[in-house]
Amino acid sequence: MSAPKKTARRSLLVTSAVLSSLALAAPVAVAAPKPSDSPSASASPSATPPASMSSVGGARLGRPGTQVNLASGVPVLPKDVSARSWIVADAESGDVLAAHNAHWRLAPASTLKMLFADTLLPKFPSDTKHKVVPADLAGIGAGSSMVGIKEEETYTVHDLWLGVFLRSGNDAVHVLSAMNGGVENTVKAMNEHAEELQALDTHVVSPDGYDAEGQVSSAYDLTLFARSGMQKKDFREYASTVRAKFPGQTKKGKKGKKTRESFEIQNTNRLLAGDSDVPVYQGIAGVKNGNTTNAGATFTGVAERGGKVLLVTVMNPEKPEHNEVYKETARLFDWGFKAAGKVQPVGELVPPKGAAQAKPGANPSGEAGGSGDGGSGTTGTGSKPVAGAPAADGSSGIGIALGITGGVLVLLAGAAFLVNRRWPLPDLVRRRTRP
């Protein structure tokens, strides 16, 4: 396709996205009632998907069962996917290539931390320091995943976000929530942000995704959170970090000298870090995994291959095999990359409500702390590590963010939301191959 035709096509798609955002201000009325307004909000999610679910993104996404437009030349979906709900979407165009119970409200586990990060990342510069007090760590659920934050120790916001993204640390979530005015205020902000993103299946009770009565989301909504979060440079870089150094506890030596060593933390996203039975997925760049008693295993991932960027969300596989959520995600990614450009979409990832409220001069990088620097580098630092090489702070897996090329930038409600435009994913994902 010639350059003029590409430009015209992208312009039409962007115009369509903006117009659809105006039309989608209405789906709130026809979507399923929000959990907080529902008489059964305190009840556990049903054992089977409702006969009718939210229609946000398209009527077919509200139907139970698998939705896909199979035709000549379109690969058949993998048969060994046991998840209660899943979705495969084009991250750039927003096209939903296939889905299964996309709007089924289920417990989200720590994938909800994507919404937490998307809500709070812009509020604190990464070099902000905070001394942890006992109240900051109050109310953390029993058996929570922790990064190892200690009372009376000082951490930077950069440290805390590494704890959230890599170790899914509920202790880091609670400290950041305390900095944001407390858990209650943070939950309120997250629910408001979910509504702005048109993630109408979501009701937040606990900011860390810990099982809580009435706390639900959906594969569709989790994919919206990932897509929104990945607009932000620092979100992309934290999500793609494989390992990093985290501050330990201050200790006194024999002569009374205080020292504070660090320890290594590794990302629990197995498609990014790999495991004995799961290889690193080619082109993977995040995003977030979770696992709780009510939710089972949940995962949202983003990957790039052959010029395509896809988002896949998988919730609660029924197969009890080790790392099953990653194996099913990888199979759906494989299908998506083969089907992209051949399969007709069954719906779309809607833009935020404020998509039509463009504000000229908004920060195109979406970086926390209000930096207008859309260039590359490690989150919160001025360093520019080579992809796969350790950064100055000991982190690795954060590659040089590539320049954005082509497409049109749509500025939305004071933030940058990219429609049909390449995200500057860390260069690392372009060089990785399966072991």
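A residue is called buried when its relative accessible area is under 20%. By that standard, helix 7 is mostly covered, since 11 of its 11 residues are buried. The model described here is predicted. Its protein chain has 435 residues, of which 57% count as buried, and its secondary structure comes to 11 helices and 13 strands. Among contacts between residues at least 6 apart in sequence, 69% join residues at least 24 apart.

**Helix 7 and its contact with helix 3**

- The buried residues of helix 7 include Tyr220, Leu222, Leu224 and Phe225. Asp221 and Arg227 are also among the buried residues of this helix.
- Helix 7 spans residues 219-229 and packs against helix 3, which spans residues 113-120. The angle between the two helices is about 35°, and their axes lie 9 Å apart.
- The crossing of helix 3 and helix 7 is left-handed.
- On the side of helix 3, the residues in contact are Met114, Leu115 and Asp118. On the side of helix 7, they are Leu222, Phe225, Ala226, Ser228 and Gly229.
- The residues of this contact divide into 5 nonpolar, 2 polar and 1 charged.

**The loop before helix 7**

- Glutamate 213 lies in the loop between helix 6 (183-196) and helix 7.
- Is glutamate 213 buried or exposed? The relative accessibility of glutamate 213 is 60%, and the threshold for exposed is over 50%, so this residue counts as exposed.
- Glutamate 213 and alanine 107 are 106 residues apart along the chain, and their C-alpha atoms are separated by 9.3 Å.

**Strand 3 and its partners**

- Strand 3 covers residues 95-100 and is mostly covered, with 5 of its 6 residues buried.
- Strand 1 and strand 3 run antiparallel and are joined by 2 bridges. Glutamine 67 has alanine 99 in strand 3 as its bridge partner.
- Strand 2 also pairs with strand 3 in the antiparallel sense, over 4 bridges. Here alanine 99 in strand 3 is the bridge partner of isoleucine 87.
- Strand 2 and strand 3 form a hairpin with 4 residues between them. In the turn, glycine 94 has a positive phi of about 85°.
- Strand 11 (residues 347-348) pairs with strand 3 in the antiparallel sense over 2 bridges. In this pairing, aspartate 95 stands opposite glutamate 348 in strand 11.

**Salt bridges**

- The structure holds 14 salt bridges. Three of these pairs are described below.
- One of them joins arginine 331 to aspartate 80, with the closest N and O atoms 3.1 Å apart. This pair links distant parts of the chain, 251 residues apart. Arginine 331 sits in helix 10 (residues 324-339), while aspartate 80 sits in the loop between strand 1 (66-67) and strand 2 (83-90).
- Arginine 331 has a relative accessible area of 22%, and aspartate 80 has one of 31%. Partly exposed covers the range between under 20% and over 50%, so arginine 331 is partly exposed, and aspartate 80 is partly exposed as well.
- A second pair is arginine 260 with glutamate 153, whose closest N and O atoms are 3.6 Å apart. This pair also links distant parts of the chain, 107 residues apart. Arginine 260 belongs to strand 7 (residues 258-266), and glutamate 153 to the loop between strand 4 (129-131) and strand 5 (154-156).
- Which side of the cut-off does glutamate 153 fall on? Its relative accessible area is 8%, which is under 20%, so glutamate 153 is buried. Arginine 260, with a relative accessible area of 33%, is partly exposed.
- In a third pair, the side chains of lysine 327 and glutamate 321 meet in a salt bridge at 3.9 Å, N to O. Glutamate 321 counts as partly exposed because its relative accessibility is 46%.
- Salt bridges that share partners join Asp80, Glu324 and Arg331 into one network.

How values were computed. Residues numbered from 1 in each chain as written. Predicted model: local features only at pLDDT ≥ 70, side-chain atom pairs only at ≥ 80, totals over all residues. Heavy atoms only, no water. Axes fitted to C-alpha atoms, helices over the stretch in contact; angles between N-to-C directions. Left-handed = near helix turned anticlockwise from the far one by under 90°. Contact = heavy atoms within 4.5 Å. Nonpolar A, V, L, I, M, F, W, Y, C, P; charged D, E, K, R; others polar. Buried < 20%, exposed > 50% of the residue type's maximum accessible area, 1.4 Å probe, protein only. Salt bridge = Lys/Arg side-chain N within 4 Å of Asp/Glu carboxyl O. Pairing = 2+ DSSP bridges.
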